[in-house]
Amino acid sequence: MKVVVPNKLAMKRLQETKVKRINSDQNTIIDLNDVHIGEGFFTVIAGPCALESEELAINTAKAVENAGAKIFRCSLFKPRTSPYTYQGYGIDGVKLLKLLHDETNLLLETEVLSTDHLDALAGEADILRIGSRNMDNYELLKAVGKTNKPIILKRNMSATLEEFLLAAEYILSVGNDKVILCERGIRTFENYTRNTLDILAVPALKELTHLPVIVDPSHSTGKSSLVPAASKAALAAGADGLMIEVHPDPLRSYSDGEQSIDLPTFNKLMKDLSEMANLLGKKSSTPVLS
Ligand code: PEP
Ligand code: MN
């Protein structure tokens, strides 16, 4: 996709940044064991909202791998609105990450909620995630910036694109330029959906920055019935990939079951995305999408 670089007045605070796009051919592409994330590729990250048990982790990982996903969502720490709901498997879950590495060829990504767990998580995970609530936790951003891991940075639900990019700049500013931006929906007056997917954030971010941009169709919609449409819209808008919540039995999920798609829906979606990606001339990190 050829992008237009905005003129200097577009966002003054971005002028001196490392995240800023300098020309239309400048694209950061992250290559992890031959899985590419960035312009020209389409990469799917999938897995449950949170790891609940060894059985769920292994079964879901193998199923999404068979469907063509290359990266597994392995959240061990959950930022929940209520402190009385499931908070995640916790740091003991690092042993599940080890097991998943032994049993599958998937890359593993996990959310870092606090610097307390950073070394243990970075020791096993391939990609670290900063969730939307921590997008402006600048000390945490600098701490993950000092690791050599790719970082998925989710947009805060009330952040402008400029604020989002300046948060990414905190990571780049301390030496880590492997940042993947994730649009996950913003708060608006509409409440049928959990958030409002800001679909134009995708091409707008592509104009403003050379960093990869992916979309989370699960937290942006809050409804499993809308996840396929949001996923296809993201691909059509130029996203470099998706992060999708998938659960073998969504109604029994400990968290976010209402927005998690089941395995048959995920399989069908991967086939549809594959056809679309071919039409759009996107290469894929995944056999099913090539
Ligand atoms: C998540 O991806 O697990 C999550 C909690 O999403 P967000 O940070 O976008 O709310
Ligand atoms: Mn979730």
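Begin by selecting Asp256 in this predicted model: with a relative accessible area of 12%, Asp256 is buried, because buried means under 20%. Asp256 is found in the loop between β10 and α8, and its phi is near 55 degrees, a positive value in a residue other than glycine.

**The manganese site**

Keep Asp256 selected and add the manganese ion (ligand 2), which is coordinated by Cys49 through SG, His219 through NE2, Glu245 through OE and Asp256 through OD, at 2.0 to 2.4 Å. Along the chain, the donors of this manganese ion follow the spacing C-x169-H-x25-E-x10-D. Two of these donors deserve a closer look: His219 lies in the loop between β9 (213-215) and α7 (227-236), whereas Glu245 lies in strand β10, so the pair ties together parts that are 26 residues apart in sequence. Display the surface and both turn out to be buried, His219 with a relative accessible area of 8% and Glu245 with a relative accessible area of 1%.

**The largest pocket**

With His219 still highlighted, add Lys78, Pro79, Arg133 and Arg194; together with His219 these are the closest to the centre of the largest pocket, among the 18 residues that line it. The space in this largest pocket is about 220 Å³. If you colour its lining by residue class, you should find ten charged residues, six polar ones and two nonpolar ones.

**The second largest pocket**

Next, select Met1, Glu39, Gly40, Leu235, Ala236, Ala237, Gly238, Leu280, Gly281 and Lys282, which line the second largest pocket. About 150 Å³ of space lies there, and the lining of this second largest pocket divides into five nonpolar, three polar and two charged residues.

**Aromatic rings**

Turn now to the aromatic side chains, where the count comes to two pairs. For one of them, select Tyr86 and Tyr254, whose ring centres are 4.9 Å apart and whose planes stand at 80 degrees, so that the pair is edge-to-face. This pair links distant parts of the chain, since Tyr86 is in the loop between β4 (71-73) and α2 (94-103) while Tyr254 is in the loop between β10 (241-245) and α8 (263-280), 168 residues apart. Tyr86 is partly exposed, at a relative accessible area of 22%, and Tyr254 also counts as partly exposed, at 47% relative accessibility.

For the other pair, select Tyr138 and Tyr170: the ring centres are 4.3 Å apart and the planes are at 20 degrees, so this pair is stacked. Here too distant parts of the chain are linked, with Tyr138 in helix α4 (residues 138-145) and Tyr170 in helix α5 (residues 161-173), 32 residues apart. Both rings belong to partly exposed residues, with a relative accessible area of 36% for Tyr138 and of 30% for Tyr170.

A further ring to visit is that of Tyr192, over which the charged end of Lys223 sits, 4.1 Å from the ring centre.

**A last stop at Asp34**

Finally, select Asp34, which lies in the loop between β1 (30-32) and β2 (35-37). Its phi is near 70 degrees, a positive value in a residue other than glycine. Asp34 is exposed, with a relative accessible area of 60%, whereas Asp256, where the tour began, is buried.

Technical notes
Residues numbered from 1 in each chain as written. Chains lettered and ligands numbered in written order. Heavy atoms only, no water. Phe/Tyr/Trp six-rings, centres within 6.5 Å; stacked < 30°, edge-to-face > 60°. Helix = DSSP H or I, 4+ residues; strand = E, 2+ residues; numbered from the N terminus. Buried < 20%, exposed > 50% of the residue type's maximum accessible area, 1.4 Å probe, protein only. Lys NZ or Arg CZ within 6 Å of the ring centre and 35° of its normal. 1 Å grid on protein atoms, 1.4 Å probe; cavity = no way out; pocket = protein on both sides within 12 Å on 5 of 7 lines; lining within 4 Å. Points joined across faces, edges and corners; volume = space filled by probe spheres on them. Nonpolar A, V, L, I, M, F, W, Y, C, P; charged D, E, K, R; others polar. Donors = N, O, S within 2.8 Å, 3.2 Å for Na, K, Ca; no water.
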